[in-house]
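Grab a pencil and let's work through a few short exercises together. Have a look at the picture first, then try each task before reading its solution.

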Amino acid sequence: GNNESDTSDGKKQGVNSGGYAVMTFEKTEFNFGTIKEGEIVSHDFKFKNTGSADLHIVSVQATCGCTSPEYPMEPVAPGKEEIIKITFDSKGRLGMNGKKVQIVYNGKPKVIFLNIKANVQ
């Protein structure tokens, strides 16, 4: 049976589509507090796939070159936990810093934002 076509705009009854991935974070914000200028700090954001389909991360983008994310390339199965590691390089970034990281994945919602803060002195 080929019932994969998704042309109808009618509301789907039940979960015959195999469900979808849901990325659930423990926390979506982390404050490094006060750090010394030039220090490189990182934080692991833990998440779990609380949906019913494999979670594929499409892209993880930081708003700034000073912030670099590491994330799992392979699919995360339902019920499994993984981490996205955000590293912040404070070189030349004196003062209060608020950085945003955008995660796009194959679930609902499609986009999630992680936020880090640091007071660089």
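**Exercise 1: Around Phe113**

Leaving out residues up to four places away in sequence, find what Phe113 touches.

*Solution.* Phe113 has contacts with Thr28, Lys100, Val101 and Gln102. Keep in mind that this is a predicted model. Next, place the residue: Phe113 sits in strand β8. Finally, try a pair that lies apart in sequence: Phe113 and Glu29 are separated by 84 residues, and their C-alpha atoms are 8.8 Å apart in space.

**Exercise 2: Buried or exposed?**

Work out whether Phe113 counts as buried, partly exposed or exposed.

*Solution.* Start with the relative accessible area, which is 37% for Phe113. Buried means under 20% and exposed means over 50%. The value of 37% falls in between, so Phe113 is partly exposed. Now check the strand: β8 covers residues 111-120, and its uncovered face holds Val111, Phe113, Asn115, Lys117 and Asn119. On the covered face you'll find Ile112, Leu114, Ile116, Ala118 and Val120.

**Exercise 3: The partners of β8**

Describe how strands β7 and β2 pair with β8.

*Solution.* Take β7 (residues 95-105) to begin with: this strand runs antiparallel to β8, with 10 bridges between them. A hairpin of 5 residues links β7 to β8. For one bridge, look at Ile103, whose partner in β8 is Ile112. Then turn to β2 (residues 29-35), which is parallel to β8 and joined to that strand by 5 bridges. Here, Ile35 lies opposite Val120 of β8.

Conventions
Residues numbered from 1 in each chain as written. Predicted model: local features only at pLDDT ≥ 70, side-chain atom pairs only at ≥ 80, totals over all residues. Heavy atoms only, no water. Buried < 20%, exposed > 50% of the residue type's maximum accessible area, 1.4 Å probe, protein only. Helix = DSSP H or I, 4+ residues; strand = E, 2+ residues; numbered from the N terminus. Pairing = 2+ DSSP bridges. Contact = heavy atoms within 4.5 Å.
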